[in-house]
Amino acid sequence: MPLTHRSTLTQFLIEERRRFPGASGDFNALILDVALACKAIARAVAFGDLGGFLGNHAAEGGGSVNVQGETQKKLDVLSNDVFIRRTEWAGNLAGMASEEMELPYQIPGQFPRGKYLLVFDPLDGSSNIDVNVSVGSIFSVLRVAKEVEASGRDVVEADFLQPGSSQVAAGYALYGPTTMLILTVGDGVNGFTLDPNLGEFMLTHPKITVPEDTQEFAINASNSRFWEAPVKRYVDECLAGKTGPRGKDFNTRWIASMVAEAHRILMRGGVFMYPRDTKDAAKPGRLRLLYEANPVGFIMEQAGGRASTGETPMMGVQPTSLHQRIGLVFGSKNEVERIERYHAEPAPKESIEPLFSPRSLFRD
Ligand code: AHG
Ligand code: MN
Ligand code: MN
């Protein structure tokens, strides 16, 4: 492949920083370390079984289970470790939190501490690893309170409980046919493709925008009997197609890798729903607020899309715990707003009835 004149991620970050002459460079250094972690994970994912990386993580007494009660894959554990090792040393972080760690991670004593918090899902969609379907890493960067920065004290859960609107940056890497890094620093969304020859992320998708309308939606239909009425109504209306109230046909997609669904939606529009449902009263939603909903929500909003709990904008939600789960709806603005409207208004009788009619796919 010939060398192109595209910007590298490093060049992009340096040019962005010129807008803030007082900036220390810590933030850029952190993003570059995260990008290096993603490159390392991309290699491990690409080697798959050849690297001995497939299957469940073996721990003493059998497999290991994370704080969510989910079986950890070898690559979940390895990716978590790569994120930590690549970012802990540089003096940019006050602490970290991850899907795979119950408690906040403290920067070891031999390293300086900094002003940012890194929150991540080291490998999203990891049930797809063994079947060779796209997975990714999701990250969110927050500022730590000035008091913590000044004292350098250990971080606690409360330090991370900041709403999505406080994020300084968010992004994800997608390990698909190509490896891509999608990044927002609060000034739009830019996409980079990993050049495997140079080992550099190159700016290939500047200023990504999500189309406002769509004819594609993603939801795990096996949960339909647990959905709340507004979600049932929305899906039923989509499925009714051209002859229904929407007057157009819809397509469905479900990859079971939220990061891959987010990427499809960034590229061509769509709506993703993992709504709050009645499946398990202890789990108000499947996905996690701090390292799934917030970073992906920030990216969507920065690209002109929308992210919501179904009822309120995701970016305004005040977190209450590190591993909090939440209903998540994101994607093309007009569709997400419609779903929010359905939650806000009492469902009209005529649009509920088809749900329970004998011919409905989703009757109870
Ligand atoms: P993770 O692999 O980080 O635990 O996340 C998996 C998530 C998300 O990526 C995906 O949308 C969802 O789980 C799939 O859930 P279902 O198995 O219920 O479809
Ligand atoms: Mn995940
Ligand atoms: Mn994960």
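In this short talk I will go through the metal sites of this structure, then its nonpolar cores, one loop residue and the cysteines.

Please keep in mind throughout that what we are looking at is a predicted model.

Let me begin with the manganese ion that is ligand 2, whose protein donors are D121 and D124, each through OD, and E292 through OE, lying 1.8 to 2.1 Å from the ion. If you follow these donors along the sequence, you will find them spaced D-x2-D-x167-E. D121 counts as buried because its relative accessible area is 0%, and D124 is likewise buried, at 4% relative accessibility.

The other manganese ion to look at is ligand 3, which is coordinated by E99 through OE, D121 through OD and L123 through O, at 2.2 to 2.3 Å. Here the donor residues follow the spacing E-x21-D-x1-L. E99, in the loop between β3 (93-98) and β4 (105-106), and L123, in strand β5, form a pair that links distant parts of the chain, 24 residues apart. Both of these residues, E99 and L123, are buried.

Which residue bridges the two manganese ions, ligand 2 and ligand 3? That residue is D121, and the ions it bridges lie 3.6 Å apart.

Turning now to the nonpolar interior, the largest nonpolar core has 39 residues, and the members that touch the most others are F83, L118, F139, V141 and L181. Helix α2, which covers residues 26-47, gives the most to this core, with 10 residues. If we take F83 and leave out residues up to four places away in sequence, its contacts include V34, A37, C38 and I41, as well as L118, F120 and F139. Apart from this core lies another, of 33 residues, among them I208, V259, L266 and F272.

I would also like to point out S134, which sits in the loop between β5 (116-124) and β6 (135-143). Is S134 buried or exposed? It counts as buried, because its relative accessibility is 19% and the cut-off for buried is under 20%. Beyond four places away in sequence, S134 touches N128, L174, Y175, G176, P177, S257 and A260.

Finally, a word on the cysteines, where the count comes to 0 disulfides. C38, which we met as a contact of F83, is buried, with 0% relative accessibility, and C238 is buried as well, with a relative accessible area of 1%.

Definitions and conventions. Residues numbered from 1 in each chain as written. Chains lettered and ligands numbered in written order. Predicted model: local features only at pLDDT ≥ 70, side-chain atom pairs only at ≥ 80, totals over all residues. Heavy atoms only, no water. Donors = N, O, S within 2.8 Å, 3.2 Å for Na, K, Ca; no water. Buried < 20%, exposed > 50% of the residue type's maximum accessible area, 1.4 Å probe, protein only. Disulfide = S-S within 2.5 Å. Core = buried A, V, L, I, M, F, W, Y, C linked by side-chain atoms within 4.5 Å. Helix = DSSP H or I, 4+ residues; strand = E, 2+ residues; numbered from the N terminus. Contact = heavy atoms within 4.5 Å.
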